[in-house]
Amino acid sequence: PSPPWSPTDPLTASIRLRLLLLLATAVCVSHSQTNNNVNESRQPQVQPPQQRSVWDEPIRFITKAKDSCTMVVSGAGEYTRLRVSCKGQTSGQSYYCDFQGKPNLCRPYNLNPRHYFIQMMWDLRKLRNACQGQKVYRMAMCKKYPDEAHMAYLSAYPKPATAKPSKPVQEPRKPVVPAVQPKPVTTPKPVKPQPQPVRPQPGKARQPKKTTPKPGKTTTRPTEKPDSTASRLATEYCWKSFRGICTYFIGWFQN
């Protein structure tokens with residue numbers, strides 16, 4: 001009997017061709033993967049750039065008065081301390097100030113602490129003296145966190161001079177006029193002591209006092225003359241009903 005298939009069978013030839021194609025494809029794929037692995041191993045690996053640490057590299061800035069300043073961050077127990085050191089360009093004098101807080105309570109600070117102090121640097125550079133600014137610096141990235149998560153002013157050297165308060169100019173006081181003027185106080189008149197009667201001594205008779213009458217005031221009326229100067233002036237300057245009185249007074253003044 002003949003075998004179930006023969007090499008010359010067209011179905012067998014197609015099966016062999018498919019197997020050869022699959023084998024060639026597998027060989028090509030494995031070869032390409034091997035080449036890729038070799039190329040990747042030969043190329044240098046590029047590492048992502050590391051962020052600069054605020055602990056290692058200080059932050060530098062210049063104030064509004066052209067003072068050169070440096071911000072250095074250090075640890076003080078559970079607190080974070082910041083020292084701002086500056087040197088004046090014109091005067092050449094140096095000064096520094098310290099700030100302290102717990103910014104590590106703020107989650108954005110832990111993700112990028114340098115950005116936290118760069119925000120603070122933008123506020124300090126607007127001042128003429130970097131140590132004469134706010135008592136507490138609240139960064140926008142940690143605004144919703146409590147007060148202890150922000151940097152607070154601690155000390156400075158030399159101490160900033162505090163301006164003495166100027167004395168207010170005192171205006172001259174105006175006399176206060178009372179709404180109701182008090183009535184003048186009337187002092188009682190002193191009472192003259194009345195002379196006590198003298199008791200008569202025995203053997204002497206009481207003599208009556210002599211009273212001398214006081215001279216009375218006598219007024220002499222000037223005699224009116226019909227053609228006198230007084231009547232003429234009264235006729236010219238007085239009303240008709242008052243001419244008699246005017247004549248009397250004018251004549252009295254003339255005499």
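**Reading a helix pair and two backbone features**

Colleague: In which kind of crossing, left-handed or right-handed, does α4 pass α5?

Modeller: The crossing in which α4 passes α5 is right-handed, meaning that the near helix is turned clockwise from the far one by less than a right angle, whereas anticlockwise would be left-handed. This is a predicted model, in which local features need pLDDT of at least 70 and side-chain atom pairs count only at pLDDT 80 or more, while totals for chains, interfaces and linings use all residues. Residues are numbered from 1 along each chain as its sequence is written, and side-chain values use heavy atoms, leaving out hydrogens and water.

Colleague: At what angle do the axes of α4 and α5 cross?

Modeller: Two packed helices are described by the angle between their axes and the distance between the axes. Here the axes of α4 (residues 229-237) and α5 (residues 243-254) cross at roughly 135° and come within 8 Å; the helices are DSSP runs (H or I, at least four residues; strands are E, at least two) numbered from the N terminus. The axes are lines fitted to C-alpha atoms over the stretch in contact, with angles from 0 to 180 degrees between N-to-C directions. α4 and α5 are therefore oblique to each other, a class left over after under 35 degrees (roughly parallel), over 145 (roughly antiparallel) and 65 to 115 (roughly perpendicular).

Colleague: Which residues make the contact between α4 and α5?

Modeller: With contact taken as heavy atoms within 4.5 Å, α4 contributes Thr229, Ala230, Ser231, Leu233, Ala234 and Thr235, and α5 contributes Arg243, Cys246, Thr247, Ile250, Gly251 and Gln254.

Colleague: Where is Pro158 placed, and is its peptide bond from Tyr157 cis or trans?

Modeller: Pro158 sits in the loop between β6 and α4, and the peptide bond from Tyr157 to Pro158 is cis, with omega near -10°.

Colleague: What is phi of Lys66?

Modeller: Phi of Lys66 is near 65°, a positive value in a residue other than glycine, and Lys66 lies in the loop between β1 (59-62) and β2 (68-76).
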